[in-house]
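Here is a short report on a protein chain. Keep the sequence and the model in view while reading.

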Amino acid sequence: MRNSKFIWFLLVIFASAFIWAGGASIIQKLGPEASKVKGAVAQAAGSWERVYRVFALKSAIDAKMDKKKYIKLDDVPLTLQQAIIAVEDNRFYRHSGFDIEGIARALLVNLQTGTLTEGGSTITQQLVKNLFLTQEKTWGRKVEEVVLAVDMELRYSKEDILEMYLNTIYFGSGAYGIGDAAKIYFGKKPADLTLAESSMLAGLPNAPTAFSPHNDLEAAKQRQSIVLAAMVRNSYIGPKLAQEAKQSPLNLISKK
């Protein structure tokens, strides 16, 4: 309870900072030129939108979700869920929205290179980014991403978060969400995917264009091997089953 109150306190501070940033900008930009006033108002509106997302997160998420194509987690094979977690965020069930170890590792790389090349993002952070944020790599956007991820973990179960992630992530070839991906690549419903197919799809979000089997089957197979190895490493499957999946034929649907 104490930790939750502290987190909410941080959220309030964050929201207040955005309000102040918008208000300060208006004061600084007010002048005779209408364009300056218009720009200040637009910036303030953006700040208020950020505040709204923090305190009305569920409403903001509902407005973004495509319920017509939404796939429930019960209709996604367990092996696909495990494959995604193993390769994208193997500490998913142990963190609270952001992973200190992942962030520390990414921060070290960023300090060494002097750029924001590594993100250390969890599944929750990726979901927040897909729903609300831009792809720009700035410290301010990263802070907003972490705050929203913590807020999301306070309001939703891990299963809800994974379900939303699977319905919003881009799998390449025009496939947004696991429903589209299963249909576009294999002509199936997600529930009918095999381990071989699941591990192939789980490897795509990292680089959807580069790893798409429609674009480069060899690269897709190499990525599939990485996913299966991660599943073995995290004790989701055994080496024998992983090898069988690697050797299983993939009946891909031709790209239209």
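The buried residues of helix α9 are I178, G179, D180, A181, A182, Y185 and F186. Buried means a relative accessible area under 20%, exposed means over 50%, and partly exposed lies in between (1.4 Å probe, protein chains only). Seven of the nine residues of α9 are buried, so this helix is largely enclosed by the rest of the structure. The cover over the buried residues of α9 includes α4 (78–88), α8 (158–168) and α10. Helices here are DSSP runs (H or I, at least four residues), strands are runs of E of at least two, and both are numbered from the N terminus.

The model is predicted: local features need pLDDT of at least 70, side-chain atom pairs count only at pLDDT 80 or more, and totals for chains, interfaces and linings use all residues. Residues are numbered from 1 along each chain as its sequence is written, and side-chain values use heavy atoms, with hydrogens and water left out.

How do α9 and α10 meet? The axes of α9 (residues 178–186) and α10 (residues 195–202) come within 11 Å and cross at roughly 115 degrees. Axes are lines fitted to C-alpha atoms, for helices over the stretch in contact, with angles from 0 to 180 degrees between N-to-C directions. On the α9 side, the contact is made by I178, A181, A182, Y185 and F186, and on the α10 side by E197, M200 and L201. Contact means heavy atoms within 4.5 Å. By class, this contact of α9 with α10 has seven nonpolar, no polar and one charged residues. Ala, Val, Leu, Ile, Met, Phe, Trp, Tyr, Cys and Pro count as nonpolar, Asp, Glu, Lys and Arg as charged, and the others, Gly among them, as polar.

Next come the two ends of α9. G177 sits in the loop between α8 and α9, and is buried with a relative accessible area of 2%. Leaving aside neighbours within four places in sequence, G177 is in contact with L166, N167, T168, I169 and F171. G177 and K69 are 108 residues apart in sequence, yet their C-alpha atoms are 8.3 Å apart in space. Just after α9, G187 takes a positive phi of about 65 degrees.

Two residues other than glycine also have a positive phi.

| Residue | Phi | Loop | Relative accessible area |
|---|---|---|---|
| S173 | near 55 degrees | between α8 and α9 | 24%, partly exposed |
| S235 | near 65 degrees | between α12 (217–233) and α13 (239–247) | 65%, exposed |

For the whole chain, there are 13 helices and zero strands. Buried residues make up 46% of the 256 residues. Among contacts between residues at least 6 apart in sequence, 63% join residues at least 24 apart. The chain exposes about 13800 Å², and carbon and sulfur atoms supply 57% of that area. Accessible areas come from the Shrake-Rupley method with a 1.4 Å probe; for residues, only the protein chains shown count as cover.

How confident is the prediction? The mean pLDDT of the chain is 81, and 72% of its residues reach 70 or more. The pLDDT is the predictor's confidence in each residue, from 0 to 100. Over residues 19–31 the pLDDT stays under 50, and the model has 14 contacts beyond four places in sequence for them. Residues 34–45 also have a pLDDT below 50. Where pLDDT is low, the predicted coordinates should not be read in detail.
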